[in-house]
Amino acid sequence: MSLTAVAIEKRKFSYFIVLLMVIAGVAAFFSLGQLEDPEFTVKTAVIATAYPGAGPAEVEQEVTDRIELAIQEMPQVDYVESSSKAGLSQVRVEIKAQYWSDRLPQVWDELRRKIRNIEHTLPPGAGRPGVSDDFGDVYGFQLALVGDGFSHAQMETYAKEIKKELSLVENVARVNLWGVQKRVIYIEVSQAQLSELGLTDESIRRTLEIQNMVVDAGSLDMKQKRLRIAPSGEFSSARDIADLQIAGSQKSGELVRIRDIATISEGYKTPPSTIMHYNGRPAIGISITNVAGVNVVKVGQAIDRKLSGITARLPVGIEVCRIHWQSNIVDDAVKGFLINFGEAVAIVLVVLTLAMGWRMGVIIGSSLILTILASFVLMALFGIDLQRMSLGALVIALGMMVDNSIVVADGIVTRIQSGMDRKKAAIDSASQPAMPLLGATIIAVMAFYPIFASTEGAGEYCQTLFTVVGISLMVSWLISMTITPLQCIDMLPELKPECRDQDISRGKFYSAFKGILTKALKFRVLTIAGLVGLLFISLIGFGQLNQMFFPDSSMTKFMIDYWAPEGTRIQTVANDLKKAEQKLLNDDRVTSVSSFVGAGPPRFYLPVDPESPYQSYAQMIVNVKDFKEIPGFLRELDDWFQQEYPQALIPIRPYGVGPSNTWKFELRISGPSAADPETLRTLGNKVVSILQQDPLCALARTNWRQQVQKVIPEYNQERGRWSGVTRQDIARASKRAYDGLPIGIYREKDDVIPIVLRHGEEERRSVSNLNVLQVQPRGTSYTLPLSQVTDDIKVEWEDPMVWRRDRRPTITIEANPVFGATLPALRASVLEPINAVELPPGYTMEWGGEYEDTLKAQASLIPGVVPSMGLILLIIVALFNAFRPLMIILFTVPFALIGIVAGLLPTGTPFGFLALLGAMSLSGMMIKNAIVLLDQISLELEAGKSPYDAVVESALSRLRPVVLAAATTVLGVVPLLQDVFWVGMAVTIMAGLTFGTMLTMIVVPAFYCIFYKVK
């Protein structure tokens, strides 16, 4: 007994399952998590190691190289990239694509073991390497705390209180502060006065340490109690430090108070490591991330409730402003997509009703609704959230969900019209095409399998596309075999006698189609030849399409990166931005401007990597009212920034969707291990010059940045030995004079504030008098000028950083195309002159950036294409037990390119990664339709018809189901045209399937007649 017969016989049980499925589907929908984008793993870790005092070359050779060597022993590593700066080594480890979130923790554990094993080999003075592997954490809730009339210390106090409160919110994983200035107590002295009194910085440090040390004085017993002994004398304020008495020289034997020889001030470390502004006002950032796997919308609502209570208690003048609020964005995105989904469902139902009548519209429409609800249940079971890809998959599969039901219902109607008993008609209409429909459905699903099998970031991002399409289409087949026949029996009316045995080909539409089909079959060779000519023209047109990886996001914000010349002070960068901030705030299109100086902001949007710390760097996040205004706004700002900031490099870019790059154009030039940095820089500058001369290039640079100057006191060893002055003494003197020398700590509640000794402001400014800087040999109380132990003080140029990739010195040329141009267009424009650049022996050149990511993403589809195509071919051969139907289908599918190019080229829609997925799904749909048609031909032949009549009658009988299935699919994706992310796929499916339907109904019969030599 067939599945259909069982469902009909167990009618009440079948309807009861439908009821349960409706209830479960509604409940499952409200239980599903909600995200803006699907989660994908950031497979990056950074090992940072401080090496104070070392230059870039020393850091590279003594620290970076040893760390890289240990890391490259790991088989999981894809590549290692490092930058060596003065005093700091940063090694970036990228893990191979196949290691997703379930396997990464073990990889990070092994990485830490490797680093710990080589710690003892690092040079003296190098710090302990710190391993950061939390780059995938997304701080989706970004706040800025500002305070009119409040000091930074007061703002910090309130920020910490808010941090503690928000950390207690359920499903909040972590709360971090950004832009907090490090508090410091400065003791500003004159070196000459210290020498006069016989004091040294060491004696001050030792006295501070002894005075402020936490001491254990024990306890004493007093009758029945035990009391702890706690000697007083610890610093309770900066005034206590000023009152500290220090013993002078042994000759004088007098005690000197610090306030008598120095100025004590509480302040902040200069220069600061980071600075933040919100709408031009000093601010502190509060970044919140949620626990993985929870509903972001609900977390945002909980944070909202907590914030409303917190802000009510804040004093007037302290404000908490929102920079990015993921829950609102996710809520709007999901609601918007659900509206699109509802529109698509409505369109499909209207099409079905108009084409087949309201009863058939209700039958097939209800099966569609039931399929969707059942899909929600399975999504909940498999832990698939509502996000961009899963919702998009439902819309894409929407038209295909009704294909099976349309075929079955149309067959029932046809059989009833021929006079067959409705129960037998229902069983036969579902049972006969059951296996062909199942095979065709599996083929349609397997068209999406390559993206599921891809191990690249794009594959991980899009994997739910395959899962949800597979779930929904397989559920639709099951419903078409069970519920749809049952509904047809119960809902279709009894036909009047005069309506029986009607000829389906009597209608005008069928007559017109039959005329076209018969002519195409008569001139079958000419028909195929004409299509081959169109295919050739389409291949030429395909080369004219704009190429892209992933489109821009529809977020109502964009980024402005500000790169001042390397070596620029962070205070200068912050001051430079004031004019830009004011310009933006005066624009009615802007709602807020947040500036992050010294480093990129915390990762609040998964596809965007935060920039590493640079004193000469800043990023502005600009929130606007309408994302549609962003493209034109960016062009205006680009011209303005070029005029107002000619000294800086300022990329202005929207947020991307899916894996994206800061610099779309990247070209790496690597040299041998002992490569000359000057040679690399020269080669890099040649490529930058080529890019700067190209009209399609907006900005270009190398990641080695500009060279910077360094001050070199030339130490004279002979005079240094005679005077007892060492290089370390010179270093201490210069550090104390300008940056300040840490000599103690001051405890204030839970803060540990460093005490720093430095020269007064006037002395610090007199850089020209460096040669008279007083140097004090360690262990003595006398000083002598720096010029006594140096031959000269000169200034030289150096590379501020040395970049390497896989242990080879590498310079990366980075660029972005002008607005309106794509990376492939820019690359094609400069490819010839770049290839003409001559490389010395041992030097190599390779492409990176979006070009490399696109190739990797496309190549990653190949491992999935092989099993997918193998299964598809196997199913086709198994269904027909012949090879010629397979050849007919394989020859038909490529012609879909004609429709794809005809849709993309006139509309100017780029062919990106999503359009590629659309083309793959389109091939599955066409194969499915072709299978149904070829199966009908086999049935007509078995009924005793001649081959020619079987072909024509099969095309006529399958016309309505195929056209309806195509119409529901094409019109079902219409709502996606307003989504910048899906528009490429939507146009590809709409145009390709429209033309593909003609291919199925005309070209497949033509090929059949050619292959089977039908007369």
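**Getting to know this model**

Modeller: Let's start where two helices meet: Arg524, Ile528 and Leu531 of helix 19 touch Phe995, Leu999, Val1003, Ala1006, Phe1007, Cys1009 and Ile1010 of helix 33. By kind, the residues of this contact are 9 nonpolar, no polar and 1 charged. This is a predicted model, where local features need pLDDT of at least 70 and side-chain atom pairs pLDDT 80 or more, while totals for chains, interfaces and linings use all residues. Numbering runs from 1 along each chain as its sequence is written, and side-chain values use heavy atoms, without hydrogens and water.

Colleague: What makes a residue of the contact of helix 19 with helix 33 nonpolar, polar or charged?

Modeller: Ala, Val, Leu, Ile, Met, Phe, Trp, Tyr, Cys and Pro count as nonpolar, Asp, Glu, Lys and Arg as charged, and the others, Gly among them, as polar. Arg524 is therefore the charged one here. Contact itself means heavy atoms within 4.5 Å.

Colleague: Why are helix 19 and helix 33 called oblique?

Modeller: Their axes (lines fitted to C-alpha atoms over the stretch in contact, with angles from 0 to 180 degrees between N-to-C directions) come within 10 Å and cross at roughly 135 degrees. Under 35 degrees would be roughly parallel, over 145 roughly antiparallel, and 65 to 115 roughly perpendicular; the rest is oblique. The value of roughly 135 degrees fits none of the named ranges, so the pair is oblique.

Colleague: How do you know that Gly864 is buried?

Modeller: Buried means under 20% relative accessible area, exposed over 50%, with partly exposed in between (1.4 Å probe, protein chains only). Gly864 has 0%, so it counts as buried. Gly864 sits in helix 28 (residues 862-880) and touches Tyr449, Pro450 and Ala453, leaving aside residues up to four places away in sequence. In the whole protein, 53% of the 1015 residues are buried.

Colleague: What makes something a helix or a strand in the count for this protein?

Modeller: Both are DSSP runs numbered from the N terminus: H or I of at least four residues for helices, E of at least two for strands. The protein has 33 helices and 30 strands.

Colleague: And what makes a set of residues a nonpolar core?

Modeller: The residues must be buried Ala, Val, Leu, Ile, Met, Phe, Trp, Tyr or Cys, joined through side-chain atoms within 4.5 Å. The largest such core holds 197 residues, with Leu166 and Ile303 making the most contacts inside it. Helix 11 (residues 326-381) contributes the most, 20 residues. A separate second core has 32 residues, including Tyr614 and Trp803.
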